[in-house]
Amino acid sequence: MYTVRVEAGFSAAHFLSGYRGKCENLHGHNYRVRAYARGADLDESGMLLDFGLLKKALREVCETLDHGLLNDNPAFLDSPSAERIARHIFDSLTAALPGACLQAVEVFESDTSMARYEP
């Protein structure tokens, strides 16, 4: 099996509705996002998935979230947890790269806190 990974990032504000604690207050993160593709077969040029294509798609998705209030995005049901953000990015990449062998998306809110979505 082969695995490739690319990274991108964005900065955004959010608050967690229905959560009791300091994260229920408006705050922001410098998010780090990793997207993974995995498969057994390489294309005719010896690649699983072109890094450039995956990186471009990930950057475009991250740009739609950058410097916004994530609670305003209907994809997050007014509570944009890292888990929901990871699922949204995965689904957006799947739509942008039909047929790609996407495996997972990780969203880091900090160096020590990360959520991963994989179907």
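Ala-13 is in contact with Leu-26, His-27, Gly-28, Gly-68, Leu-69 and Leu-70, when residues up to four places away in sequence are not counted. The model in which these contacts occur is a predicted one. Ala-13 belongs to strand E1, which covers residues 2-14. With a relative accessibility of 23%, Ala-13 counts as partly exposed, because the buried class is reserved for values under 20%. One of its contacts, His-27, lies 14 residues away along the chain, and the C-alpha atoms of Ala-13 and His-27 are separated by 5.4 Å.

## Overall architecture

The protein contains 2 helices and 4 strands. Read from the N terminus, these elements follow the order β-β-α-α-β-β. The radius of gyration is 15 Å, close to the 14 Å that the globule rule gives for 119 residues, so the protein is as compact as a globular protein of that length. The C-alpha trace spans about 50 × 25 × 20 Å along its principal axes.

Of the 119 residues, 39% are buried. The accessible surface comes to about 6,800 Å², and carbon and sulfur atoms account for 50% of that surface. As regards charge, the protein carries 12 positive and 17 negative side chains, and the centres of these two sets lie 4 Å apart.

How much of the contact network joins residues at least 24 apart in sequence? Among contacts between residues at least 6 apart, the share is 62%.

## The strands E2, E3 and E4

Strand E2 comprises residues 27-39, and 6 bridges join E2 to E3 in an antiparallel arrangement. Within this pairing, Ala-37 stands opposite Leu-102 of E3.

Strand E3, residues 102-110, also pairs with strand E4, residues 113-117; this pairing is antiparallel and extends over 5 bridges. Two opposite positions may be noted here: Val-105 faces Tyr-117 in E4, and Glu-106 faces Arg-116 in E4. The connection from E3 to E4 is a hairpin through 2 residues. E3 thus takes part in pairings with E2 and with E4. Is E3 mostly covered or mostly uncovered? It is mostly covered, as 8 of the 9 residues in E3 are buried.

Asn-30 offers a view of E2, the strand in which it is placed. Its relative accessibility is 61%, so Asn-30 counts as exposed. Leaving aside neighbours within four places in sequence, Asn-30 is in contact with Phe-10, Ser-11, Phe-108 and Glu-109.

## Helix H1 and the loop that follows

Leu-58 is situated in helix H1, which covers residues 51-65. Is Leu-58 buried or exposed? Its relative accessibility is 1%, and Leu-58 therefore counts as buried. Residues up to four places away being excluded, Leu-58 touches Val-6, Glu-7, Ala-8, Val-33, Ala-35, Ile-89 and Leu-93. The C-alpha atoms of Leu-58 and Arg-87 are separated by 13 Å, the two residues being 29 apart along the chain.

The loop between H1 and helix H2 (82-96) contains Leu-77, and Asp-78 is placed in that loop as well. Most residues other than glycine have a negative phi. Phi of Leu-77, however, is near 50 degrees, a positive value. Phi of Asp-78 is also positive, near 65 degrees. Leu-77 counts as exposed, with a relative accessibility of 62%, whereas Asp-78, at 38%, counts as partly exposed. Between Leu-77 and Asn-30 there are 21 Å from C-alpha to C-alpha, and the two residues stand 47 apart along the chain.

## Accessibility of the selected residues

The table gathers the accessibility values of the residues discussed above.

| Residue | Relative accessibility | Class |
|---|---|---|
| Leu-58 | 1% | buried |
| Ala-13 | 23% | partly exposed |
| Asp-78 | 38% | partly exposed |
| Asn-30 | 61% | exposed |
| Leu-77 | 62% | exposed |

Notes:
Residues are numbered from 1 along each chain as its sequence is written. This is a predicted model: local features need pLDDT of at least 70, side-chain atom pairs count only at pLDDT 80 or more; totals for chains, interfaces and linings use all residues. Side-chain values use heavy atoms; hydrogens and water are left out. The radius of gyration is taken over C-alpha atoms; the globule rule is 2.2 Å times the number of residues to the power 0.38. Buried means under 20% relative accessible area, exposed over 50%, partly exposed in between (1.4 Å probe, protein chains only). Contact means heavy atoms within 4.5 Å. Accessible areas come from the Shrake-Rupley method with a 1.4 Å probe; for residues, only the protein chains shown count as cover. Lys and Arg count as positive and Asp and Glu as negative; His and the chain ends are not counted. The place of a charge is taken as NZ of Lys, CZ of Arg, CG of Asp or CD of Glu. Two strands pair if DSSP finds at least two bridges between them.
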